[in-house]
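Thanks, everyone. I'll keep this short, and you can follow along on the screen.

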Amino acid sequence: VTAQHPLRGDVTVLVPAAGLGTRLGPGGPKALRQLGGVSLLVHAVRRLCEAPSVGSVVVAAPVGWVAEVHALLAEQVVPAGVQLDVVEGGLTRQHSVAAALAAAPRTYPIVLVHDAARAFAPTDLVERVAAAVRRGHEAVIPILPVVDTIKQVDESGHVIATLDRSVLRAVQTPQGFRREVLEAGHRSAVDAHTDDAGLVENLGVRVFGVLGAEAALKITRPADLAFAEMLLRADGGVI
Ligand code: C5P
């Protein structure tokens with residue numbers, strides 16, 4: 001493995017996968033929902049392990065699922081050259097990432113954080129983010145232009161402002177960090193953030209955007225699941 005992949009070994013990926021997925025409707029933890037006969041988590045971890053830079057994967061599993069998730073990934077998904085750790089997730093995504101970060105091996109200088117719900121993030125996206133951190137960016141996020149017009153509203157539903165779409169971007173995962181930068185972000189966290197870059201922005205760290213990928217959509221609502229199924233079929237099950 002090392003000979004084929006000279007870069008393997010400088011990236012550990014944290015995979016928050018402990019969400020309940022209530023917006024997806026009833027049916028158990030979201031990361032364990034099946035798509036094309038395989039769970040979202042398996043799709044996600046399989047793609048991460050195909051990225052040559054990834055030497056370690058740390059999954060934050062739903063409460064009560066740690067042993068089962070570890071067995072499944074170790075037996076069927078994670079190749080021998082990649083270190084696997086599975087920990088119990090927390091009450092929020094941020095807590096789940098913090099738990100995975102605390103359990104991550106300390107030998108990897110680059111840490112990526114990737115939502116299990118973005119099950120089809122392509123391998124080249126993982127490499128693009130890792131490469132930007134390797135080039136010297138302390139924090140890196142995949143971004144895409146926003147297609148909808150975005151407005152700010154008040155609590156009664158009335159519009160306060162129309163934001164200038166040309167300067168807005170939708171943000172995906174994997175997000176990449178120098179390990180000490182992400183650790184400092186989580187140490188200093190006082191309020192809730194929906195992504196990890198938000199934590200380090202608070203520290204004054206400059207965050208760099210690289211091109212995201214349509215296939216890295218977050219599977220959140222029932223229609224996303226249907227769309228992901230379509231992508232999977234269109235690609236003969238290999239996207
Ligand atoms: O809640 P949202 O859909 O934004 O979740 C993004 C990712 O965070 C999902 O992969 C989900 O499993 C994970 N998550 C978690 N622990 C939580 C809540 C969400 O690991 N308590």
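Val-42 touches Leu-72, Leu-73 and Val-77, leaving aside residues up to four places away in sequence. This is a predicted model, so take every contact as a computed one. Val-42 sits in helix H1. Is Val-42 buried or exposed? Val-42 is buried, because its relative accessible area is 5%, and the cut-off for buried is under 20%. Leu-32 is 10 residues away along the chain, and its C-alpha atom is 8.3 Å from that of Val-42.

Now the rest of that helix. H1 runs over residues 40–50, and 9 of its 11 residues are buried, so H1 is largely enclosed by the rest of the structure. Which residues of H1 are buried? They are Leu-40, Leu-41, Val-42, His-43, Ala-44, Val-45, Arg-47, Leu-48 and Cys-49. Note that His-43 and Arg-47 are in that list.

On to helix H5, residues 179–187. Its buried residues are Arg-179, Val-181, Leu-182, Glu-183, Gly-185 and His-186. What covers them? The cover includes strand S1 (11–16), H3, strand S6 (110–113), strand S11 (175–178) and helix H6 (196–201).

Next, a strand residue. Gln-83 is found in strand S5, residues 83–88. Gln-83 is partly exposed, because its relative accessible area is 37%. Leaving aside residues up to four places away in sequence, Gln-83 touches Gly-55, Ser-56, Val-57, Pro-105 and Tyr-108. Take Val-57: 26 residues separate it from Gln-83 in sequence, and the C-alpha to C-alpha distance is 6.2 Å.

One backbone detail. Most peptide bonds are trans. The bond from Thr-173 to Pro-174 is cis, with omega near 10°. Pro-174 lies in the loop between S10 and S11.

Now the pockets. Rolling a probe the size of a water molecule over the atoms shows where empty space is left. The largest pocket has a volume of about 820 Å³. Its lining counts 33 residues, and Gly-19, Arg-23, Lys-30, Thr-92 and Arg-93 lie nearest its centre. Helix H3, residues 93–103, gives the largest share of that lining, 3 residues. By class, the lining has 14 nonpolar, 12 polar and 7 charged residues.

The second largest pocket comes to about 640 Å³. It is lined by 20 residues. Which of them lie nearest its centre? Arg-118, Ala-170, Gln-172, Leu-217 and Lys-218 do. Strand S7 (139–145), strand S10 (169–171) and helix H7 (222–234) each supply at least two lining residues. The class split here is 11 nonpolar, 2 polar and 7 charged.

Last, the ligand. How many residues surround the ligand? The count is 15, and the closest are Pro-16, Ala-18, Gly-90, Ser-96 and Lys-218. Lys-218 also came up a moment ago, by the centre of the second largest pocket.

Three polar contacts to backbone atoms are worth a look in your viewer. At Gly-90, a polar backbone atom is 2.9 Å from a nitrogen atom of the ligand. At Ala-17, a backbone N or O atom lies 3.2 Å from a ligand oxygen atom. At Ala-116, a backbone N or O atom also lies 3.2 Å from an oxygen atom of the ligand.

That's my tour. Over to you.

Conventions: Residues numbered from 1 in each chain as written. Predicted model: local features only at pLDDT ≥ 70, side-chain atom pairs only at ≥ 80, totals over all residues. Heavy atoms only, no water. 1 Å grid on protein atoms, 1.4 Å probe; cavity = no way out; pocket = protein on both sides within 12 Å on 5 of 7 lines; lining within 4 Å. Points joined across faces, edges and corners; volume = space filled by probe spheres on them. Helix = DSSP H or I, 4+ residues; strand = E, 2+ residues; numbered from the N terminus. Nonpolar A, V, L, I, M, F, W, Y, C, P; charged D, E, K, R; others polar. Buried < 20%, exposed > 50% of the residue type's maximum accessible area, 1.4 Å probe, protein only. Contact = heavy atoms within 4.5 Å. Near = heavy atom within 4 Å. Polar contact = N/O pair within 3.5 Å; in protein donor to acceptor, adjacent residues only side chain to side chain.
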